[in-house]
Amino acid sequence: MIEHRKGISVAILLIMAPPLVTLIATAHQMIGTGGDGLIRARAVTASASPAAPAAAGPAAPPQAAAPTSAPPKPATPVPGRSAQDFSASRPEWENFLRDADPQAGKQLAANGKPAAGVQACVACHGQAGITPTGGIFPNLAGLSSEYLAKQLADFRSGTRVQPLMNTVARALTEQEIGQLAAYYGTLAGPPMHVGEFGGEAARKLDVQGDGTRALPACANCHGLRGMGEGPLLPRLAGQSREYFVDQMNAFRSGSRQNDDVGVMRAFAQRLTDSEIQALAAYYAGPAPKPQ
């Protein structure tokens with residue numbers, strides 16, 4: 001029995017010995033660093049410059065003390081945002097809309113800017129922002145001021161390419177872009193006939209999408225019945241078939257690239273020609289009658 005107890009004691013001692021030795025060694029190392037606490041940063045002292053050897057011959061006359069150096073210049077601010085700036089980044093075109101006057105935009109839309117070679121907006125987009133005979137000119141009525149300001153800013157910078165609109169937008173000031181966007185943003189969109197044409201294939205793409213091709217429902221971004229969802233996701237309801245097809249083909253080919261992170265370019269490439277035609281008819285409704 002005694003030998004058995006001795007064996008247990010030895011086994012316990014062998015188990016406890018390694019961690020006990022490690023603990024003692026660690027404590028010794030921590031205490032041995034000196035200072036106010038167990039662990040402190042080691043002080044780094046600048047090494048003194050070696051003294052120059054004395055020159056042979058007569059002692060040199062004492063030199064005047066070096067003039068005090070000028071105070072350091074303040075650091076030049078680095079362009080861009082600070083690493084400590086956690087405020088939301090805002091697009092530049094938002095400033096165009098600040099205090100924008102819709103009435104001034106209405107006058108500009110009706111008369112243009114002849115001195116700069118800009119024709120009246122109503123010549124292509126209709127008197128009330130609705131193109132009377134369809135075609136590739138979009139209806140501006142029913143679109144948000146934010147969306148219109150962004151598109152005009154993109155035309156102005158060349159982020160969105162369309163030769164006529166690039167020329168027009170570059171001839172407009174930032175204030176004028178804001179005024180036009182504010183004006184058209186007040187206009188009601190064209191009558192809705194969503195779903196009357198286009199067939200079941202278009203309706204399914206609008207409401208359900210196609211998960212096998214990673215195509216979400218169009219309504220997820222453009223709202224139920226294509227009425228738009230948020231300030232930058234445009235209304236599709238009432239746009240002409242020609243304009244819808246033209247823009248989808250532009251996204252497919254990459255000639256239009258101002259979509260957010262390329263989502264429309266990706267989706268358009270997964271649609272067939274017949275599906276694009278069906279969606280165009282689905283959102284447009286009956287073709288307008290010539291006036």
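V261 is exposed, its relative accessible area being 74%. In this predicted model, V261 belongs to the loop that joins α10 (241-253) to α11 (263-269). Its backbone is notable in one respect: V261 is not a glycine, yet its phi is positive, at about 45°.

A second residue of this kind is D99, whose phi is near 60°, again a positive value in a residue other than glycine. D99 is placed in the loop between α2 (93-97) and α3 (102-111). With a relative accessible area of 77%, D99 is exposed, because the exposed class begins over 50%.

From D99 the path leads to Q179, which sits in helix α7 (residues 174-184). Leaving aside residues up to four places away in sequence, Q179 touches A100, D101, P102, A104 and G105. Of these partners, P102, A104 and G105 fall within the residue range of α3 (102-111), whereas A100 and D101 fall in the loop between α2 (93-97) and α3. The relative accessibility of Q179 is 12%, so Q179 counts as buried; the limit for that class is under 20%.

The surface of helix α1 offers another feature. I12 lies in this helix, which spans residues 2-31. Together with I8, I15 and M16, I12 forms a nonpolar patch on the surface, and the accessible area of these four residues is about 400 Å² in total. I12 itself has a relative accessibility of 44% and therefore counts as partly exposed, since that class lies between the buried limit of 20% and the exposed limit of 50%.

The cysteines complete the tour. A search of the whole structure finds zero disulfides. C124 is accordingly in no disulfide, and the nearest cysteine sulfur, that of C121, is 8.6 Å away. A disulfide requires two cysteine sulfur atoms within 2.5 Å, so the separation of 8.6 Å between the sulfurs of C124 and C121 does not meet the criterion. C124 is buried, with 15% relative accessible area.

C221 presents a comparable case. The closest cysteine sulfur to that of C221 belongs to C218 and lies 8.7 Å away, which is too far for a bond. C221 has a relative accessible area of 32% and is therefore partly exposed, whereas C124 is buried at 15%.

Terms used. Residues numbered from 1 in each chain as written. Predicted model: local features only at pLDDT ≥ 70, side-chain atom pairs only at ≥ 80, totals over all residues. Heavy atoms only, no water. Helix = DSSP H or I, 4+ residues; strand = E, 2+ residues; numbered from the N terminus. Buried < 20%, exposed > 50% of the residue type's maximum accessible area, 1.4 Å probe, protein only. Contact = heavy atoms within 4.5 Å. Patch = residues over 30% accessible without salt bridge, like charges linked within 9 Å, V, L, I, M, F, W, Y side chains within 5 Å. Areas by Shrake-Rupley, 256 points an atom, 1.4 Å probe, with all protein chains shown as cover. Salt bridge = Lys/Arg side-chain N within 4 Å of Asp/Glu carboxyl O.
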